[in-house]
Amino acid sequence: MITRDFAYHAPADLGGVTAALAGGDAVIVGGGTMVVPDMTHGRTTPGVVVDLSRAGLAGLTQTAGGEVVVGATTTYTQLLRGGELAPLLRRVAGGVTGGPQIRNKGTVGGSACYANPSSEIPAALLALGARMRLASARGVREVAAADFFTGAFTTERRPDEVLAAVVLPSPDGPAFGYHKLKLSESSWPIATAACVRGPGGWRVALGGVAATPLLVTIESADPRHVRAEVARVLTEPWSDVLADGDYRRRVAPVVALRALKEGEAS
Amino acid sequence: MTRVNVTVNGRAREIDVEPAKLLVHAVREDLGLTGTHVGCLTGDCGACTVRIDGATVKSCSVLAVSAEGAQITTVEGLAGPGGLHPVQQAFWDEFGFQCGYCLPGMLLTACELLEDDPDPTDEAITLAVNGNLCRCTGYHAVKRSIRCAADRMREGS
């Protein structure tokens, strides 16, 4: 059980959310799959909880300019059922562990804001060159995914801000690849690689291997080139109960190569 | 306390809960439906699985207060008194459980899978139950049970 009481708000729109957050001391619940267990186990003890589930922030839309706006509370299941505009994110959603119960509740925005190094969404957003749309009572600002993830479990989001949406600069089209290494069916991933073809080569984002996702540009899937580029950015590999940093350093280029192989075949 | 209105297994219910109360505790203590089990309380094991508006969720990761207006199905709602849902019958016939602790969650997850995909591949069955931890069966009997239920439900339809 959650042993500390809190005030609970489930605003009906984004304006209500930003008003509820204006005090700056609230915890935001998106799908709740991480934050609610954290409250149960005393890892977070909020005085105020703001629940996004009624705020109408779910769904994918495409702007006249071609950008794809993914609402923050879009669940993995919604991506699987209607994510044609975001095929890489849909691909990631299909492999999220924890069962359909987690895919039904877990959200794109929640995964991004929780910023667990092992989560898959942050690296995918980095590969896609996403912009994080943050709203507060003071207004709306956008932060590049490359600047959003500032450390393990920390982001650029300020306490009075809510991530309203992630904006993908263009539909990623068919040229992408994705690979995930995990040691058992229901395990968190140990390393992920998402690659998207860009003008200067492949944008490859490595997830799970460092405190924040890492981006490298790969001109060709030549193994020596990939190993050198991954080694150049992976200077401080992440260690946890699943694997130590040295193991992640060894597998990261292999995972990247497998994603690139899939991308080149796409 | 907050008044929460829900429809549980087809019946309208009203409960008063603190915002900090988890849905799994509200289901067991306030609604009196103890077929939903408390397991890990971390969202891993799936013993607390219920369906909200048709979608399976882990009710340890849901605040009861957030369920206002929801249609909730628990294991007690699968079949009428004295009867078994075809998925329950298949788990019985194929020895799909031993201690039974994970069983309510397995059953609800299997029902959702078979409604979405009446003839799932082995891979789809594996993916469907990867959020329901069983430490007795080794999953072979679970997957056999779901396959059996799928075959019977298709033949019966």
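Into which domains is chain A divided? Chain A splits into domain 1, covering 1-172, and domain 2, covering 176-265. Keep in mind as you look around that this is a predicted model.

Start with how those two halves of chain A sit against each other. Their C-alpha centres lie 23 Å apart, and 22 residues of domain 1 of chain A are in contact with 23 residues of domain 2 of chain A. If you look at the domain 1 side of that contact, α4, α7 (121-127) and β8 (149-151) of chain A each put in at least two residues. α7(A) gives the most, with 5 residues. As for chemistry, this side of domain 1 of chain A breaks down into 13 nonpolar, 6 polar and 3 charged residues.

Now hop over to chain B. Its domain assignment gives domain 1 (2-77) and domain 2 (86-156). Taken over C-alpha atoms, the centres of these two domains of chain B are separated by 22 Å. Here 13 residues of domain 1 of chain B touch 11 residues of domain 2 of chain B. On the domain 1 side, strand β3 (residues 49-52) of chain B makes the largest contribution, 3 residues. That side of domain 1 of chain B is made up of 5 nonpolar, 6 polar and 2 charged residues.

Next, the place where the two chains meet. The contact takes 26 residues from chain A and 28 residues from chain B. On the chain A side, the elements giving two or more residues are α2 (35-40), β3 (48-51) and α5 of chain A. The largest share there, 5 residues, comes from α5(A). Sort the chain A residues that touch chain B by type and you get 10 nonpolar, 11 polar and 5 charged.

One residue is worth zooming in on: A:G98. You'll find A:G98 in the loop between α4 (87-94) and α5 (100-105) of chain A. Is A:G98 buried or exposed? A:G98 counts as buried because it has 20 C-beta neighbours inside 10 Å, and 20 or more is what the buried class asks for. Setting aside neighbours within four places in sequence, A:G98 is in contact with B:G43 and B:G131. For a sense of distance within chain A, try A:G42: A:G98 and A:G42 are 56 residues apart along the chain, and their C-alpha atoms are separated by 22 Å.

Note on methods: Residues numbered from 1 in each chain as written. Chains lettered and ligands numbered in written order. Predicted model: local features only at pLDDT ≥ 70, side-chain atom pairs only at ≥ 80, totals over all residues. Domains from an automatic or database assignment. Contact = placed C-beta atoms within 7 Å. Helix = DSSP H or I, 4+ residues; strand = E, 2+ residues; numbered from the N terminus. Nonpolar A, V, L, I, M, F, W, Y, C, P; charged D, E, K, R; others polar. Buried ≥ 20, exposed ≤ 12 C-beta atoms within 10 Å, placed from the backbone.
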